[in-house]
Amino acid sequence: EQEEEEEEEEEKEEDTNNTTDSSSEDDDEEEEGDPVEAADVRSAEEEKAVEAVQDKAPEKMLTKELCNKRKPQPAVFIPVDRLPEIQAARLKLPVLGEEQVIMEAVRENMCVVLCGETGSGKTTQIPQFLYEAGYASGDGIIGITEPRRVAAVSMSQRVAMEMNMSTRVVSYQIRYEGNVTSDTKIKFMTDGVLLKEIQKDFLLQKYRVIIIDEAHERSVYTDILIGLLSRIVPLRRPMKLLIMSATLRVEDFTENKKLFPRPLPVIKVDARQFPVTVHFNRRTPTDDYVGEAFRKICKIHRMLPPGGILVFLTGQAEVHSMCRRLRRAFPFRSNRTGLGDDPKDTEEERKWFKKAKQKKMLSLPRINLDNYSTLPVDEGDEDRQAGIGDEEDGSDLDLELGDDPGDEGLEKCDPMLPLYVLPLYSLLAPEQQGKVFRPPPAGTRLCVVATNVAETSLTIPGIKYVVDCGRVKKRFYDRVTGVSSFRVTWTSQASANQRAGRAGRTEPGHCYRLYSSAVFSDFQEFSEAEITRRPVDDLVLQMKDLNIEKVVNFPFPTPPSMEALVAAEHLLVSLGALEEPPRDMERVRLSCPITPLGRAMAAFPVAPRYAKMLAMGKQQGCLPYVITLVAAMTVREIFEETDRPAASEEENAKMAQRRARLGQMRRLWAGQGASLLLGDLMVMLGAVGACEYAGCTPKFCQENGLRYKAMLEIRQLRGQLTTAVNAVDPEARLYLDAKMAPPTESQVLCLQQIVLAGLGDHLARRVQVEELLDPKWHNGYKTPLLDSPVFIHPNSVLFKTLPDYVVYQEVLETSKMYMRGVSAVQEEWIPQILPRYCHFGPPLEDPPPRFCPDSGRVKCHCKSTFCTWIRQELPIFWT
Ligand code: CDP
Ligand code: MG
């Protein structure tokens with residue numbers, strides 16, 4: 001059998017007549033070669049893989065590959081020299097008990113799924129098992145993908161430490177940073193990084209094993225990677241694929257015939273989990289969940305026995321404000337007198353000490369701070385504890401900040417115990433992130449304020465209490481406009497349970513949910529795969545960049561809707577990112593190849609519409625402005641709302657006054673002459689410019705009707721996009737200067753055209769007088785997407801100008817359909833910048849015939865000599 005296999009292998013090579021031998025040394029060196037060349041010159045083997053990914057009926061090929069019974073390879077053992085205490089800690093992890101089962105399954109199967117609770121040791125131990133079993137001893141390495149950067153960085157450091165090896169050997173790579181060397185054997189990376197590598201080397205020759213971690217999160221890139229690897233791995237024998245999940249919900253991968261013709265073997269690791277008591281809030285939840293969380297932490301800290309607290313909030317800004325609040329309330333100072341006379345004491349502390357003195361609490365012997373963390377936990381407290389924290393019987397739910405904690409609390413509480421507060425979110429600097437894994441200073445209680453990054457990817461030691469706000473920040477996409485935004489919504493039951501589970505890793509714990517059990521039962525059971533919730537134009541572009549042209553046939557674990565795929569292809573063709581299908585096609589076939597512009601766009605980490613603007617932005621030194629505009633449009637809602645109905649006459653008058661003032665500011669930012677025609681986008685640009693010039697203070701934002709948070713986000717995004725542009729085009733040598741001078745007149749004209757190039761499908765034409773059959777069209781605009789008219793909002797600086805052609809960022813329906821983010825367009829630009837939307841023919845007669853002789857439809861009123869007929873795909877110019 002073995003021989004047969006080898007023969008087959010040889011045959012294949014003869015067939016394809018190539019040099020792709022995964023065991024040849026030279027190959028590995030070639031990896032580092034010119035990426036452009038690598039992408040252009042594909043080996044026949046690679047071509048086969050690219051074909052396989054688009055093959056409608058993979059069964060034929062894959063069944064053959066998968067069903068070939070392979071003899072297990074001889075077991076090897078590469079010793080690792082671990083420190084004794086590390087080895088002892090490892091032995092306690094649940095996956096250690098399953099090592100043999102796991103490694104046997106890996107040896108005998110091409111693809112294996114591993115399920116195990118968070119903290120069972122999947123991420124840190126499986127790469128070590130594989131290393132020890134010799135999977136990295138040849139020329140292939142072990143690659144592990146993580147959906148989050150934090151996890152990739154911290155896990156690589158952890159594994160290096162556990163294995164007593166240098167980070168040259170156990171390394172990481174995230175988008176703009178990494179420490180991979182030629183000695184690297186285990187490589188942690190984000191899923192996006194591996195996807196980019198597939199672009200350069202479709203068969204991933206460098207890798208012997210690929211581990212897809214956190215597959216349960218169903219991030220779009222993870223899904224696509226699994227789809228790609230389901231085809232790549234069979235062609236790369238003896239490559240191995242391991243899919244790891246923190247939940248048992250893996251049928252989308254294992255039972256999916258389109259992905260893997262035969263069900264994959266699933267190994268379940270039983271985690272040792274201590275019981276976690278869940279406490280629901282009794283009351284209907286309020287919107288001030290950050291305040292509630294704060295009060296809850298104060299209460300836990302004052303009244304409950306030692307043990308770390310982990311708080312789940314939704315975003316970076318919330319995390320920081322909570323950390324500030326907590327540090328103010330429980331300062332972490334080593335030299336405190338602890339007698340209530342420390343000048344650094346806060347108002348709240350002074351109050352507390354006053355009460356304590358009255359109750360003669362301070363005459364109690366003082367506890368030695370250094371010894372505190374070693375005090376045994378009083379298990380007998382369990383019951384009383386439940387009484388204090390259990391909101392279901394509403395015992396002391398209303399304890400407000402500064403309230404008397406009560407006698408019972410004071411008896412148990414150590415007035416000296418400081419709170420050691422640490423933030424944790426994905427974009428936090430790695431050395432800051434690392435702090436949560438180290439034990440807190442003696443005599444303090446650890447309190448980690450985290451986003452859902454702490455839900456499954458990272459296990460923080462010593463957590464006994466979890467405070468869960470029940471919310472999550474999610475990206476939402478507008479189906480009509482395709483524009484995305486972040487919104488805070490309820491999380492799913494599955495992730496709420498994951499969060500609760502964080503409390504029971506080392507001992508029995510408690511989870512405080514800041515919402516009622518009724519609300520919990522209304523949560524959706526699982527979070528849906530991200531891919532079904534959003535437009536897929538960016539994904540389709542990424543796949544086309546991989547030369548996967550027939551995206552419809554791609555083996556998605558959960559496929560996006562056909563409608564979404566068609567819309568994406570259509571948009572990309574219009575943007576010039578894909579080649580146009582032949583003229584006579586009824587509708588766009590889903591197999592257009594990518595263009596050079598498309599390849600450039602694929603390299604920017606933003607939606608294709610904006611990527612096109614960035615790709616065009618080099619002209620006339622416009623890049624800093626384009627970056628700012630793209631950042632402002634991505635953040636959205638940068639202006640404070642002034643349109644909400646007022647409660648009283650008085651308030652109404654005040655709001656009218658404010659509206660007038662903000663209108664004035666907008667007109668100021670919009671500028672004069674040419675810049676006025678950039679319209680609302682010029683206002684955004686002016687607002688960001690003015691705000692940065694004033695140092696981006698909350699005061700400036702408040703006075704000028706800007707959302708401070710949005711301004712901070714824009715600043716951060718500008719930084720990221722600047723890095724991205726420099727990475728894509730090193731010649732740009734762009735340097736982010738927060739304070740920018742206003743664009744010149746010619747730059748404004750250039751910007752208007754760049755915006756038109758990106759938002760071309762959001763073009764609207766003012767309805768002409770002769771078309772005004774219906775008064776509802778008065779001052780209205782015709783768009784390709786909507787049958788009814790859309791209007792320029794009274795808040796827009798172009799409200800009175802009413803240009804003939806505009807592009808808009810989105811349409812929002814309130815009392816009317818209003819366009820937002822409106823910018824004027826000059827008619828003669830349309831055929832030049834959006835030729836794909838135009839049909840070129842002989843100039844119109846004067847006066848133009850009212851009906852198109854072919855379609856019988858009303859013809860556009862268009863004086864330009866370039867633009868005569870407008871294509872049917874964009875019926876914008878037809879009424
Ligand atoms: O991947 P999985 O959630 O199954 O577990 P893991 O991340 O491999 O973590 C296994 C154990 O290592 C946990 O109990 C953590 O407490 C510990 N760990 C640690 O102490 N420090 C780290 N930086 C990472 C993990
Ligand atoms: Mg993990």
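Pro238 sits in the loop between helix H12 (220-235) and strand S7, and the peptide bond that leads into Pro238 from Arg237 is cis in this predicted model, with omega near 5°. Another backbone feature is found at Arg218, in the loop between S6 and H12, where phi is positive at about 55° although the residue is not a glycine. Arg218 counts as buried, because 23 C-beta neighbours lie inside 10 Å, the cut-off for that class being 20 or more.

A positive phi in a residue other than glycine is also computed for Asn779, with a value near 60°. Asn779 belongs to the loop between strand S17 (763-766) and strand S18 (781-782), and it is exposed, with 12 other C-beta atoms within 10 Å. The table sets Arg218 and Asn779 beside Gly134, the residue with positive phi that follows helix H9.

| Residue | Phi |
|---|---|
| Arg218 | about 55° |
| Asn779 | near 60° |
| Gly134 | near 85° |

**The eight-stranded sheet**

Strands S6 and S7, which border the loops described above, belong to an open sheet of eight strands with mixed pairing, in the order S4-S3-S5-S2-S6-S7-S1-S8. Strand S4 (177-178) and strand S8 (266-269) stand at its edges, and because each has a single partner strand, one side of each is left without a neighbour in the sheet. Helix H10 (residues 149-163) packs on this sheet, where it touches strand S2 (141-146), strand S3 (170-174) and strand S5 (186-190), and its direction makes about 170° with that of S3. Within the sheet, S6 (residues 207-212) and S7 (residues 240-245) pair in the parallel sense over four bridges, and Ile210 has Leu241 of S7 as its bridge partner.

**The surroundings of ligand 1**

Which residues come nearest to ligand 1? Of the 15 residues around it, these are Lys122, Thr123, Thr124, Arg158 and Thr459. Helix H9 (122-132) and H10 are the elements that give two or more residues to this shell, and H9 gives the most, with four residues. By class, the shell holds three nonpolar, ten polar and two charged residues. H9 is itself mostly covered, since eight of its eleven residues are buried, and Lys122 and Thr123 are among these buried residues, together with others including Ile126, Leu130 and Tyr131.

**The six-stranded sheet**

A further open sheet is formed by six strands in the order S9-S16-S13-S10-S12-S11, with parallel pairing. Its edges are strand S9 (276-280) and strand S11 (419-424), each with a single partner strand, so that one side of each has no neighbour in the sheet. From one strand to the next, the twist averages 15°. Five bridges join S9 to strand S16 (residues 509-513), the two running parallel, and Val276 stands opposite Gly509 in S16. Helix H14 (residues 289-303) packs on this sheet and touches strand S10 (308-312), S11, strand S12 (445-450), strand S13 (463-468) and S16, with a direction at about 170° to that of S10. Helix H20 (residues 493-501) lies across S9, S10, S13 and S16, and runs at about 150° to S13.

**A helix pair and a long-range pair**

Two packed helices are described by the angle between their axes and the distance between the axes. For helix H26 (residues 623-635) and helix H29 (residues 679-693), the angle is about 100° and the axes are 10 Å apart, and the two helices are therefore roughly perpendicular to each other. Tyr625, Thr628, Leu629 and Ala632 make the contact on the side of H26, and Leu681, Met684, Leu685 and Val688 make it on the side of H29. The classes in this contact are seven nonpolar, one polar and no charged residues.

Glu197, placed in helix H11 (residues 191-200), counts as partly exposed with 18 C-beta neighbours inside 10 Å. Its C-alpha atom is separated by 10.0 Å from that of Leu546, although the two residues are 349 residues apart along the chain.

**The chain as a whole**

The protein chain contains 33 helices and 25 strands, and buried residues make up 42% of its 879 residues. Of the contacts in the chain with a separation of 6 or more, 73% are between residues 24 or more positions apart.

Methods: Residues are numbered from 1 along each chain as its sequence is written. Chains are lettered from A and ligands numbered from 1 in the order in which they are written. This is a predicted model: local features need pLDDT of at least 70, side-chain atom pairs count only at pLDDT 80 or more; totals for chains, interfaces and linings use all residues. Two strands pair if DSSP finds at least two bridges between them. Two residues are in contact if their C-beta atoms, placed from the backbone, lie within 7 Å. Axes are lines fitted to C-alpha atoms, for helices over the stretch in contact, and angles run from 0 to 180 degrees between N-to-C directions. Angles under 35 degrees count as roughly parallel, over 145 as roughly antiparallel, 65 to 115 as roughly perpendicular and the rest as oblique. Ala, Val, Leu, Ile, Met, Phe, Trp, Tyr, Cys and Pro count as nonpolar, Asp, Glu, Lys and Arg as charged, and the others, Gly among them, as polar. A residue is near a molecule or strand if its C-beta atom, placed from the backbone, lies within 6 Å of it.
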